[in-house]
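Student: Can we go through this structure together? I'd like to start with the ligand.

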Amino acid sequence: MIDIREANVNDVTQIARLRSLGWGDEAFWIPRVANYMNGSQNPQMAKAERMVYLATDEEKVIGFIAGHLTSRLGCEGELQWIDIDPAYRRKGIASQLVEALARWFISHHACKICVDPGNDQARRFYLALGAQKLDDHWMFWKNINTIIKQ
Ligand SMILES: CC(C)(COP(=O)(O)OP(=O)(O)OC[C@H]1O[C@@H](n2cnc3c(N)ncnc32)[C@H](O)[C@@H]1OP(=O)(O)O)[C@@H](O)C(=O)NCCC(=O)NCCS
């Protein structure tokens with residue numbers, strides 16, 4: 001059974017493992033994830049408030065999402081990273097994580113949310129969740145409230 005929970009410092013290695021499936025190795029990602037989570041590393045225009053959620057299957061970390069408040073590109077929030085273990089893709093898990101982060105954004109009065117898709121697969125995923133093109137590179141939700149299932 002898939003559970004969604006908040007991440008903490010003890011989860012950094014598992015998050016780095018998921019990040020390294022796309023690019024880089026765990027040693028590259030561990031300090032970057034840790035410093036993002038503790039606020040000592042900040043993406044452009046990031047504010048202090050940030051959140052990381054995990055998806056777990058019987059304690060095994062199989063996905064995560066990270067986001068923060070921002071003033072980047074006229075937005076109020078930025079989806080920083082999302083990764084799902086390849087064995088668990090196309091089961092709606094990333095959609096559940098985006099919804100969890102969307103609820104966090106809304107609770108922090110952030111509705112306009114940007115994301116750098118980085119690749120075509122992710123672009124199609126965000127399109128399926130109702131995101132629009134912001135410029136040649138970025139995508140955004142004008143109001144992330146629209147993806148919340150009642
Ligand atoms: C992009 C990613 C997060 C999607 O995760 P996921 O759990 O498979 O996504 P979901 O199952 O919630 O997909 C929801 C919908 O998005 C669309 N979608 C998801 N992956 C897609 C793909 N590879 N190609 C086309 N559409 C896709 C589909 O419409 C899908 O619904 P469907 O399966 O009923 O057709 C995952 O493929 C991943 O981790 N990719 C590598 C990391 C990455 O690119 N991260 C984003 C940039 S930081």
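Tutor: A term to begin with: Ala, Val, Leu, Ile, Met, Phe, Trp, Tyr, Cys and Pro count as nonpolar, Asp, Glu, Lys and Arg as charged, and the others, Gly among them, as polar. The model is predicted: local features need pLDDT of at least 70, side-chain atom pairs count only at pLDDT 80 or more, and totals for chains, interfaces and linings use all residues. Residues are numbered from 1 along each chain as its sequence is written, and side-chain values use heavy atoms, with hydrogens and water left out.

Student: How do the residues of the shell around the ligand divide?

Tutor: Nine are nonpolar, four polar and six charged.

Student: And which of the residues around the ligand come nearest?

Tutor: Ile82, Arg90, Gly92, Ser95 and Asn119, out of 19 (near means a heavy atom within 4 Å).

Student: Which helix gives the largest share of the shell?

Tutor: H4, with six residues. Strand S4 (77-84), helix H3 (93-107) and helix H4 (120-128) each supply at least two. Helices (H or I, at least four residues) and strands (E, at least two) are DSSP runs, numbered from the N terminus.

Student: What is 2.8 Å from a ligand nitrogen?

Tutor: A polar backbone atom of Ile82. Another pair puts a ligand nitrogen 3.4 Å from an N or O atom in the side chain of Arg124.

Student: Different topic. Is His68 buried or exposed?

Tutor: His68 counts as buried because its relative accessibility is 0%; buried means under 20% relative accessible area, exposed over 50%, partly exposed in between (1.4 Å probe, protein chains only).

Student: Where does His68 lie?

Tutor: In strand S3, residues 60-70. The His68 side chain makes a polar contact with the side chain of Tyr36, at 2.7 Å. A polar contact is a pair of N or O atoms within 3.5 Å; within protein, one must be able to donate a hydrogen and the other to accept it, and residues adjacent in sequence count only if both atoms are side-chain atoms.
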